Amino acid sequence: MTGEPRRVGVAGAGVMGSGIAQVLAVAGHEVVCTDLAESSLDAAREAVETGRFGVRSAVERGKLTTDQADRTLQRLTFTTDTDALADRYLVIEAIPELLDLKVRFWRELDAIADRGTIFASNSSGFPVVAMAAATDRPDRFVGWHWASPAPVMRLAEIVRARGTSDETVDAVVAMAE
């Protein structure tokens, strides 16, 4: 992993969100993955641990040791508490592709998150600038679109908006590497 371990949040525990959370936890980051539905969190936990691309499958394929898989699971928390995202270094949004839902999420997160938190959207369907405009931190907002399935694909597209700072892009690129 490049750089130091960080406290990262992932909003949305679907296929993409849980996969992103898994990759970040494998890389050594402390990850909180949130979702509104407890059933989605249960499915995400199962996918990360024993799913086709989960950490136990990675052990069977020789990609991780049992110890690495165990430590990954220890670094990963699933919760319905959106406030758990407030103290993160970076929050990646992977909620359903509905612009009004995303804008509402970013407004709510902007109100509770630490001022230094970097915001990233996994969306590839909406302009980054439209989502960044919902916050008071367009300089700390990027698109970070992950290829699917995240635990397997080693490709991520990082998109800056007009107001995104070089420091924000550099920080996200370092994590992506």
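Reader: What order do the strands of the open sheet have, and what kind of pairing joins them?

Author: In this predicted model, seven strands form an open sheet in the order β3-β2-β1-β4-β5-β6-β7, and the pairing is mixed. The edge strands, each pairing on one side only, are β3 and β7. From one strand to the next, the twist averages 20°.

Reader: How many bridges join β1 to β2, and in which sense do the two strands run?

Author: Strand β1 (residues 7-11) is joined to β2 by five bridges, and the two run parallel. Within this pair, V10 stands opposite C33 of β2. The chain gets from β1 to β2 through helix α1 (residues 15-26), and the β-α-β crossover made in this way is right-handed.

Reader: Which residues stand opposite each other where β2 pairs with β3?

Author: V32 stands opposite T77 in β3, and C33 has F78 of β3 as its bridge partner. Four bridges hold this pairing, again in the parallel sense, between β2 and strand β3 (residues 76-79). C33 thus appears in both pairings: opposite V10 and as the partner of F78.

Reader: How many residues of strand β2 are buried, and what follows for the strand?

Author: Buried here means under 20% relative accessible area. Four of the five residues of β2 (residues 30-34) are buried, so the strand is largely enclosed by the rest of the structure.

Reader: Is T72 buried or exposed?

Author: T72 has a relative accessible area of 1%, so this residue is buried. T72 belongs to helix α4 (residues 66-74). Its C-alpha atom is separated by 8.7 Å from that of H29, a residue 43 positions away along the chain.

Reader: Now the pockets. What volume does the largest pocket have, and which residues lie nearest its centre?

Author: The general idea comes before the case. Rolling a probe the size of a water molecule over the atoms shows where empty space is left. The largest pocket here has a volume of about 790 Å³. Its lining has 28 residues, and V23, A150, P151, M153 and R154 lie nearest the centre.

Reader: Which elements give two or more residues to that lining?

Author: They are α1, α3 (55-60), β6 (141-146), β7 (156-160) and α7 (166-176). Helix α1 gives the most, with four residues. This is the helix of the crossover between β1 and β2.

Reader: How do the lining residues of the largest pocket divide by character?

Author: There are 20 nonpolar residues, four polar ones and four charged ones in the lining of the largest pocket.

Reader: What are the volume and the lining of the second largest pocket?

Author: The volume of the second largest pocket is about 440 Å³. The lining consists of 21 residues, and those nearest the centre are G12, L36, I95, P96 and L101. Helix α5 (residues 99-112) gives the most to this lining, with five residues. By character, the lining of the second largest pocket divides into nine nonpolar, six polar and six charged residues.

Reader: One backbone detail remains. Which residues does the cis peptide bond join, and where is P149 found?

Author: The cis peptide bond joins S148 and P149, with omega at about 0°. P149 is found in the loop between β6 and β7. Both of those strands give two or more residues to the lining of the largest pocket.

Definitions and conventions: Residues numbered from 1 in each chain as written. Predicted model: local features only at pLDDT ≥ 70, side-chain atom pairs only at ≥ 80, totals over all residues. Heavy atoms only, no water. Buried < 20%, exposed > 50% of the residue type's maximum accessible area, 1.4 Å probe, protein only. Pairing = 2+ DSSP bridges. Right-handed = clockwise from strand over helix to strand, strands pointing away. 1 Å grid on protein atoms, 1.4 Å probe; cavity = no way out; pocket = protein on both sides within 12 Å on 5 of 7 lines; lining within 4 Å. Points joined across faces, edges and corners; volume = space filled by probe spheres on them. Nonpolar A, V, L, I, M, F, W, Y, C, P; charged D, E, K, R; others polar. Axes fitted to C-alpha atoms, helices over the stretch in contact; angles between N-to-C directions.
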